[in-house]
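Hi,

Here is the structure I promised to pass on. Have a look at it first, and then read my notes below.

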Amino acid sequence: MPTYRGVDGHIGNTPLIRLNKLSELTGCEILGKAEYMNPGGSVKDRAAWGIITDAEEKGLLKPGQTIVEGTAGNTGIGLTVIGAARGHKSVIVIPETQAPEKILLLRTLGAEVRPVPAKPYKDPGNYNHIARRLAEENDWFWANQFDNTANRQAHYVTTGPEIWQQTEGTVDAFVASVGTGGTLAGTTQYLKEKKPGVLSVCADPYGAAMWSWFTQGNTDTDDGDSIAEGIGQGRVTKNVEAAAVDAAYRIDDQTALTIVNQLLREEGIFVGLSSGINVGGAVRLAKERGPGQTIVTILCDSGHKYQSKLFNHAWLAENGLDPNRAIESILA
Ligand code: PMP
């Protein structure tokens with residue numbers, strides 16, 4: 001008898017897609033893990049699955065208990081989708097600066113959404129602190145994706161092994177940007193246990209602190225800004241603190257946008273800007289270390305949620321971004 005599983009049994013096992021043109025231009029195998037094919041549409045389904053499963057097993061999340069989380073959107077979508085399959089409602093606290101498509105999608109999926117003004121982490125009005133307080137006041141379960149290491153562990157037990165198997169152990173480098181750091185830290189830990197020489201590389205947008213953290217050991221961030229959503233971390237989270245990262249690059253929004261549009265128009269891959277930052281990091285590594293390497297990165301989520309911004313030419317022009325640059329410009 002075959003065995004069948006509900007949707008929460010189908011997180012991960014995503015395809016590893018060869019990015020043909022960038023592979024040819026660099027002489028490396030540049031491979032994108034198609035996380036946008038997860039049931040909730042992003043890499044964050046893995047963290048949501050890991051956090052819910054861990055909390056249920058430890059009795060921290062009781063049957064029927066509501067889950068509350070502060071999120072830029074994708075973790076909220078994952079928690080809501082997997083929560084539905086496991087009998088939990090969700091309350092999502094989201095900065096109101098995030099793409100409106102995410103808020104609409106979360107509401108459609110059945111989450112109770114509370115948009116809040118965007119505030120820095122040190123401000124008590126920051127979305128994460130609001131989520132924590134709501135959990136305390138209402139006896140809800142707070143997922144705490146930034147500092148709950150069940151997030152990183154989900155990547156250690158799924159993303160890492162999948163990449164290892166899909167590349168048949170030939171992977172030379174892994175590149176990821178950081179929101180919570182779960183993807184970068186968990187995948188790095190697994191791959192380095194298998195093959196210590198695998199390079200772990202952080203791709204960071206401007207205005208975030210991970211580049212300076214990994215290259216200089218401080219979290220100074222006062223240089224520039226990015227329109228990328230879901231990444232751009234200003235502090236060292238519990239998930240990222242132990243990551244054995246070998247190199248870090250800053251990738252600008254124009255480079256990432258040029259990549260996103262090349263993937264869309266020439267590869268049939270429709271992704272958001274954090275995927276462009278990741279692939280930008282993979283291309284930088286290919287340029288610096290030369291041809292012949294197998295470089296794996298993450299295609300975090302699809303472009304659907306960003307149509308009013310990233311794929312809206314008037315909005316791009318207002319933000320000084322050009323959607324029609326030739327891909328060769330990023331290799332110059
Ligand atoms: N890309 C997008 C679009 C995201 O939403 C996130 C997570 N917020 C990431 C990348 C980064 O993933 P992680 O939290 O594992 O660092």
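Let me start with a single pair of residues: alanine 34 stands opposite leucine 299 in E10. That pair belongs to the match between strand E2 (residues 29-34) and E10, which run parallel and are joined by six bridges. Before you zoom in any further, please keep in mind that this is a predicted model.

How confident is the prediction? The chain has an average pLDDT of 97, and 100% of the residues score at least 70. Confidence peaks in strand E10 (residues 294-299), at a mean of 99, and is lowest in helix H4 (residues 100-109), at 94. The model as a whole comes with an ipTM of 0.99 and a pTM of 0.97.

Back to E2 and E10. They sit in an open sheet of six strands with mixed pairing, and if you walk across it you meet E1-E2-E10-E7-E8-E9 in that order. At the edges you'll find strand E1 (16-18) and strand E9 (247-250), each of which pairs on one side only. Neighbouring strands here are turned against each other by 25° on average, ignoring direction. Helix H7 (residues 182-194) lies across strand E7 (173-176), strand E8 (199-204) and E10, and runs at about 170° to E7.

There is another open sheet, this one with four strands in the order E5-E4-E3-E6 and parallel pairing. Strand E5 (112-116) and strand E6 (141-142) are at its edges with a single partner strand each, so one side of each has no neighbour in the sheet. E5 runs parallel to strand E4 (residues 90-95), and five bridges join the two. If you want a pair to look for there, valine 93 stands opposite arginine 114 in E5. Helix H4 turns up again at this point: H4 lies across E4 and E5, at about 155° to E5.

Now the domains. The chain is divided into domain 1 (7-37 + 159-330) and domain 2 (43-142). Their C-alpha centres lie 24 Å apart. Where they meet, 22 residues of domain 1 are in contact with 19 residues of domain 2. On the domain 1 side of that contact, the residues divide into 10 polar, seven charged and five nonpolar.

Last, the part you'll probably want to open next: the ligand. Which residues are closest to the ligand? They are Gly179, Thr183, Gly230, Ser274 and Cys300, out of 18 residues that surround the ligand. By type, the shell divides into 11 polar, five nonpolar and two charged residues. And where does the shell come from? Both domains contribute: at least three of its residues come from domain 1 and at least three from domain 2.

That's what I have for now. Shout if anything looks odd on your screen.

Cheers

Notes. Residues are numbered from 1 along each chain as its sequence is written. This is a predicted model: local features need pLDDT of at least 70, side-chain atom pairs count only at pLDDT 80 or more; totals for chains, interfaces and linings use all residues. A residue is near a molecule or strand if its C-beta atom, placed from the backbone, lies within 6 Å of it. Ala, Val, Leu, Ile, Met, Phe, Trp, Tyr, Cys and Pro count as nonpolar, Asp, Glu, Lys and Arg as charged, and the others, Gly among them, as polar. Domain bounds come from an automatic or database domain assignment. Two residues are in contact if their C-beta atoms, placed from the backbone, lie within 7 Å. pLDDT is the predictor's confidence in each residue, from 0 to 100. Two strands pair if DSSP finds at least two bridges between them. Axes are lines fitted to C-alpha atoms, for helices over the stretch in contact, and angles run from 0 to 180 degrees between N-to-C directions.
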